[in-house]
Amino acid sequence: ASALPFSTGIGVGLVGFGLFFLLFGILLYFDSVLLAFGNLLFLSGLVFIIGFRRTFTFFFQRPKLKGTSFFFGGLLMVLMRWPILGMLLEAYGFISLFKSFFPVVFGFLGSVTNIPLLIEYFSMVQGCPSTVTS
């Protein structure tokens, strides 16, 4: 098994901490400092994972400019301490930016239910007899 490159490992850590701070900032009633810190960590982690040029070209493609402007406008609102408006703008921008990835994610989540061990677990939790035979 090959290990991840050093910068990719740092990027994954930064994205993880960014998501943690975003979640924690939302749970603490939209704390603007935690949300801003989470946003900055998430974006810097993304740069470490896929590189500066690819990150730049992803955000600034012509069809994605509307989503990018909402996302970065929301980030600016969070930095200006308007966290609720900023997170709403960011959420719209995020959905607009990543709407092409959602079918892939939902397809993956649908295939997770075809794993025999999970089918056994879900049927046990629901109280139904399992249809999987070993």
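UniProt positions are given here in the numbering used for this chain, and the annotations may be inferred rather than shown by experiment.

**Figure 1. Overall fold of the predicted model and its annotated spans.** The model is predicted. The protein contains seven helices and zero strands, and along the sequence the pattern reads α-α-α-α-α-α-α. Of the 134 residues in the protein, 29% are buried. An unreviewed UniProt entry lists residues 12–30, 36–56, 68–89 and 101–119 under "transmembrane region".

**Figure 2. Two of the annotated spans, residues 12–30 and 36–56.** In the model, residues 12–30 are 84% helix and 0% strand. The C-alpha atoms at the two ends of residues 12–30 are 24 Å apart. For residues 36–56 the helix content is 95% and the strand content 0%, with 20 Å between the end C-alpha atoms.

**Figure 3. Nonpolar patch on the surface, with Leu-28 as one of its members.** The patch is formed by Phe-17, Phe-20, Leu-23, Phe-24, Leu-27 and Leu-28. Together these residues have about 620 Å² of accessible area. Leu-28 sits in the loop between helix 1 (6–27) and helix 2 (32–50). Its relative accessibility is 44%, so Leu-28 counts as partly exposed; this class lies between the cut-offs of 20% for buried and 50% for exposed.

**Figure 4. The largest nonpolar core and a second, separate one.** The largest nonpolar core has 10 residues in all: Val-15, Phe-42, Leu-43, Leu-46, Phe-58, Phe-59, Phe-71, Leu-75, Leu-97 and Phe-98. Two or more of these residues come from each of helix 2, helix 3 (52–59), helix 4 (65–79) and helix 5 (83–98). Helix 2 supplies the largest share of this core, three residues. A second core, separate from this one, has five residues, among them Leu-22, Leu-35, Ala-36 and Met-87.

**Figure 5. Aromatic pairs at Phe-59.** The count of aromatic pairs in the model comes to 15. In one of them, Phe-58 and Phe-59 are arranged edge-to-face, at 5.4 Å centre to centre and with 75° between the planes. Both Phe-58 and Phe-59 are buried. Phe-59 also pairs with Phe-72 in a tilted arrangement, at 5.2 Å centre to centre and with 55° between the planes. Because Phe-59 lies in helix 3 and Phe-72 in helix 4, this pair ties together parts that are 13 residues apart in sequence. Phe-59 counts as buried because its relative accessibility is 4%, whereas Phe-72, at 28%, counts as partly exposed.

**Figure 6. The aromatic cluster that includes Phe-59 and Phe-72.** One aromatic cluster is formed by Phe-52, Phe-56, Phe-58, Phe-59, Phe-60, Phe-71, Phe-72, Phe-94, Phe-98 and Phe-101. Among these residues, Phe-58, Phe-59, Phe-71 and Phe-98 are also listed in the largest nonpolar core.

**Figure 7. Ile-95 and its separation from Phe-71.** Ile-95 is located in helix 5. With a relative accessible area of 48%, Ile-95 is partly exposed. Ile-95 and Phe-71 are 24 residues apart along the chain, and their C-alpha atoms are separated by 9.3 Å. Phe-71 is a member of the largest nonpolar core and of the aromatic cluster.

Conventions:
Residues are numbered from 1 along each chain as its sequence is written. This is a predicted model: local features need pLDDT of at least 70, side-chain atom pairs count only at pLDDT 80 or more; totals for chains, interfaces and linings use all residues. Side-chain values use heavy atoms; hydrogens and water are left out. Patches are made of residues with over 30% relative accessible area and no salt bridge: like charges are joined within 9 Å, nonpolar side chains (Val, Leu, Ile, Met, Phe, Trp, Tyr) within 5 Å. Accessible areas come from the Shrake-Rupley method with a 1.4 Å probe; for residues, only the protein chains shown count as cover. A salt bridge is a side-chain nitrogen of Lys or Arg within 4 Å of a carboxyl oxygen of Asp or Glu. Helices (H or I, at least four residues) and strands (E, at least two) are DSSP runs, numbered from the N terminus. Buried means under 20% relative accessible area, exposed over 50%, partly exposed in between (1.4 Å probe, protein chains only). A nonpolar core is a set of buried Ala, Val, Leu, Ile, Met, Phe, Trp, Tyr and Cys residues joined through side-chain atoms within 4.5 Å. Rings of Phe, Tyr and Trp (its six-membered ring) pair if their centres lie within 6.5 Å; planes under 30 degrees apart count as stacked, over 60 as edge-to-face and the rest as tilted.
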